[in-house]
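This report covers charged pairs, cysteines, a helix and its aromatic contacts. The sequence and the model are shown below.

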Amino acid sequence: MEIYIEDAILQNLIINYTLLSISEKTVLQKQKILRTIGVSIVGTLFAVALTFFNIPSIFQIIIKILSGLIMCLMLIDKVVLKKLAFLFFVFLSFTFLMGGLIIAFENLFSISINGLISALIIFGFYIILKSIVKQIYRKKHLNNFYFDIKLENSGKNFDIKAYLDSGNLLQDDETGLPILIINFETFTKLFGDKITVMDFLQKKLDQKIKGRYISFSTVGGEAKMFVCNIDKVSTLEKNKQERPINVLLGITNNYFKNKECEALLSPLAL
């Protein structure tokens, strides 16, 4: 009996902590580990105490659901009904998901999994799920910093993807305009019939295109960037509406290293 109680405590503690942790991360609530552990212990003690009473199954389910609601209530700093409801919904969803996972394991491998092993399987699944949730929110966060940009010059126009780079605060000294930094491939789409790779490498672009080189500081020292103006630069809103922005185009192999997009947009341009 003593071994059973110890197993039950460890099993419930692992499962409660796992479910509460992944629920907090999913709803983007900042996790306080000590509080989560404390709430997990309270839920564990409640679950173990429940085994000492002969209660019909239907009432046990209702009591366990209510205990889950109480645990969610203990997690949040300020009681906001919408936030509590969302957290509780996510908690219940993951509870059923994890339970279904154990049943799937048992049916798939034709084995019976005891409580402690099931808790360890659930914790392992939590590690995977935590990584997935993190990547989803990371991608969503990054998407908020990507902009669709339309470039137009001399009858040529095409769309590119630009990243809003808070570190790109470059401005042209003469005009005060912020600089949209583009890569060489994009630059050649605009001026490929006028320039060569050697013009770019030898910093002779100003001899072929109306523009100039400006100096800026990098970690390695001073560097030069060719900047020029084109007919029109616009951001494309979600409804595909164009919003013109007043910027200069800049190109340099020393500065632009972002491989996920074709340009770095300055926050000064928005």
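## A salt bridge between strands β1 and β2

D148 has a relative accessible area of 31% and is therefore partly exposed, and the model it belongs to is a predicted one. Its side chain meets that of K161 in a salt bridge, with an N to O distance of 2.9 Å. D148 belongs to strand β1, residues 146–153, and K161 to strand β2, residues 156–164; the pair links distant parts of the chain, 13 residues apart. K161 is partly exposed as well, because its relative accessibility is 33%.

In total the structure holds 6 salt bridges. The one between D148 and K161 is described above; those formed by E242 follow.

## E242 and its two lysines

E242 forms a salt bridge with K150, and the closest N and O atoms of this pair are 3.0 Å apart. The two residues are 92 residues apart and link distant parts of the chain: E242 is in strand β7 (residues 242–244), while K150 is in strand β1. How accessible are E242 and K150? E242 has a relative accessibility of 33%, so it counts as partly exposed. K150, with a relative accessible area of 17%, is buried, because the cut-off for that class is under 20%.

E242 also meets K232 in a salt bridge between side chains, at 3.5 Å from N to O. K232 lies in strand β6 (residues 232–236) and E242 in strand β7, so this pair ties together parts that are 10 residues apart in sequence. With a relative accessible area of 32%, K232 is partly exposed. Salt bridges that share partners join K150, K232 and E242 into one network.

## Cysteines

How many disulfides does the model contain? The count is 0. A disulfide is a covalent bond between the sulfur atoms of two cysteines. For a pair to be counted here, the sulfur atoms have to be within 2.5 Å.

C72 has a relative accessible area of 1%, so it is buried. C228 is buried too, because its relative accessibility is 3%.

## The buried side of helix α6

Helix α6 spans residues 184–191, and T186, F187, L190 and F191 are buried in it. Why do these residues count as being on the same side of α6? They cover an arc of only 120° around the axis, and this places them on the same side of the helix.

What do the buried residues of α6 pack against? Their partners are the strands β1, β2, β3 (179–182), β5 (221–228) and β8 (248–251). β1 is also the strand that holds D148, and β2 the strand that holds K161.

## Aromatic pairs around F187

The structure holds 4 aromatic pairs. One of them is formed by F187 and F191, whose rings are tilted, with 5.1 Å centre to centre and 45° between the planes. Both residues lie in helix α6, 4 residues apart, which is about one turn of the helix. Both are buried.

F187 also pairs with F226: the ring centres are 6.1 Å apart and the planes stand at 85°, so this pair is edge-to-face. F187 is in helix α6 and F226 in strand β5, so the pair ties together parts that are 39 residues apart in sequence. F187 counts as buried because its relative accessibility is 1%. F226 is likewise buried, with a relative accessible area of 1%.

A further ring contact involves a charge: K189 lies over the face of F158, at 5.5 Å from the ring centre.

## Y213 and the aromatic cluster

Which residues make up the aromatic cluster? F187, F191, Y213 and F226 form one cluster. Y213 is located in strand β4, residues 211–218.

Leaving aside neighbours within four places in sequence, Y213 is in contact with D199, K203, K204, L205, D206, K224, M225 and F226. F226 thus appears both among these contacts and in the aromatic cluster. Y213 and I251 are 38 residues apart in sequence, and their C-alpha atoms are 9.6 Å apart in space.

Conventions: Residues are numbered from 1 along each chain as its sequence is written. This is a predicted model: local features need pLDDT of at least 70, side-chain atom pairs count only at pLDDT 80 or more; totals for chains, interfaces and linings use all residues. Side-chain values use heavy atoms; hydrogens and water are left out. A salt bridge is a side-chain nitrogen of Lys or Arg within 4 Å of a carboxyl oxygen of Asp or Glu. Buried means under 20% relative accessible area, exposed over 50%, partly exposed in between (1.4 Å probe, protein chains only). The arc is that of the directions from the helix axis to the C-beta atoms. Contact means heavy atoms within 4.5 Å. Rings of Phe, Tyr and Trp (its six-membered ring) pair if their centres lie within 6.5 Å; planes under 30 degrees apart count as stacked, over 60 as edge-to-face and the rest as tilted. A charge sits over a ring if NZ of Lys or CZ of Arg is within 6 Å of the ring centre and within 35 degrees of the ring normal.
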